[in-house]
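Visitor: Please take one part of this model and look at it closely. I would like to know what surrounds it and how it connects to the rest.

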Amino acid sequence: MKKQKLVVANWKRPTIRETEELAKRVREKFEFFDDAEVVVCPNNISLLETGRILSNSLVKIGAQNVYWEEKNPCTGEIPASMLLEANCRYVILGHHERRIVFNENDEMVKAKLTSVLRVRDIVPIICIGETWEEFKADRRDYVLLEQIQNILGDAQFSDKQQIVVNYSPIWAIGTGNVIDPAEADSAVEVVKINLREVFGYKFTDSNFRVIYGGSVNSENARDFGGQASIDGVLVGGASQDPDELFKIAEEISK
Ligand code: PGA
């Protein structure tokens, strides 16, 4: 049986009202669609309402961020247990924009991962990827290895824990600079080779999915989906149009 691909919609921009409209349209469009697993990640302020609109549908909810502490409260931060309460099934960790704007580093991403693993039932989507300079200098594989070691090196997983690694070359996020899908696939394969070295073949192949993110749209989705190693896509800009999101999900599943 063909494995379902994962499509993560990262809704960064829409306002509260726009997010509600989007969620309603996504609910209609995806009513009978189960060729791919679809997750929408709205802004925190829209999580509950989006969850309500999409309840009992095939579309799952994720968050764009989490706080790494449970016990010590921190003003303005949301811990993993609260995301679970809001029915989040996924959470994006260490998105490049957060790394740039809030100086999030691998250590913080690791702490976030640990707190997510503690509450269980939430799948972390761990973002890694190289800069343009690193890519040009042929350092991509080294950078990916280092990020995997730093964030996942000594992580402890239960047998059932699912984990997603999102390979997003920084130079392709929100830029329209589309990477050659074969190049993305080779990076994803490098990630999988490293994961297998740390966690073994069996666990890696059954519990990890490695997806690609960066300027994905309905025109290029099929090329990414057709690659040997890519298990899905994370989509920003293009995911804010429900028709486009639906086409991406269809194309990637072909
Ligand atoms: P993009 O965003 O699809 O607009 O490039 C991807 C992302 O949020 O990582």
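Guide: A good place to begin is the end of strand β7, where Gly213 stands opposite Leu234 in strand β8. The model is a predicted one, and what follows describes that model. The two strands, β7 and β8 (residues 232-235), run parallel and are joined by two bridges. On another side of the pairing pattern, β7 is matched with strand β6 (residues 163-167), again in the parallel sense, over five bridges. Within that pairing, Asn166 is the residue opposite Ile211 of β7.

β7 itself spans residues 208-213, and six of its six residues are buried. Its side chains divide into two sets: Phe208, Val210 and Tyr212 point one way, while Arg209, Ile211 and Gly213 point the other way. Both sets are buried, the charged Arg209 included. Gly213, the bridge partner of Leu234, therefore counts as buried in the sense of having under 20% relative accessible area.

Leu234 leads on to the ligand, since Leu234 is one of the residues that surround it. From the β8 region the shell also takes in Val235, Gly236 and Gly237, and just after β7 it takes in Gly214 and Ser215. The remaining members are Asn10, Lys12, His95, Ala172, Ile173 and Gly174. By class, the shell holds four nonpolar residues, seven polar ones and one charged one. The charged member is Lys12, because Lys is counted as charged and glycine as polar.

Three polar contacts to oxygen of the ligand can be listed. The side chain of His95 has an N or O atom 2.8 Å from a ligand oxygen atom. Ser215 places a backbone N or O atom 2.8 Å from an oxygen atom of the ligand. Gly236 likewise has a polar backbone atom 2.8 Å from a ligand oxygen atom. On its own the ligand has 280 Å² of accessible area, and the protein covers 94% of that.

Strand β4 (residues 90-93) ends shortly before His95 in numbering, and both of its faces are covered. Tyr90 and Ile92 lie on one side, Val91 and Leu93 on the other, and all four are buried. Strand β3 (residues 60-63) runs parallel to β4 and is joined to it by two bridges; Val91 is the partner of Ala63 there.

The cysteines make a short side note: the disulfide count is zero. Cys41 is in no disulfide, and the nearest cysteine sulfur, that of Cys88, is 7.8 Å away. That pair is not a disulfide because the sulfur atoms would have to be within 2.5 Å. Cys41 is buried at 0% relative accessibility, and Cys88 is buried with a relative accessible area of 0%.

Finally, two residues sit close in space to parts of the chain that are distant in sequence. Glu18 lies in helix α1 (residues 16-29), and its C-alpha atom is separated by 9.3 Å from that of Gln240, 222 residues apart along the chain. At 44% relative accessibility, Glu18 counts as partly exposed. Trp132 lies in helix α6 (residues 132-136) and, at 39% relative accessible area, is also partly exposed. Trp132 and Ile170 are 38 residues apart in sequence, with 7.0 Å between their C-alpha atoms.

Key: Residues numbered from 1 in each chain as written. Predicted model: local features only at pLDDT ≥ 70, side-chain atom pairs only at ≥ 80, totals over all residues. Heavy atoms only, no water. Buried < 20%, exposed > 50% of the residue type's maximum accessible area, 1.4 Å probe, protein only. Pairing = 2+ DSSP bridges. Near = heavy atom within 4 Å. Polar contact = N/O pair within 3.5 Å; in protein donor to acceptor, adjacent residues only side chain to side chain. Areas by Shrake-Rupley, 256 points an atom, 1.4 Å probe, with all protein chains shown as cover.
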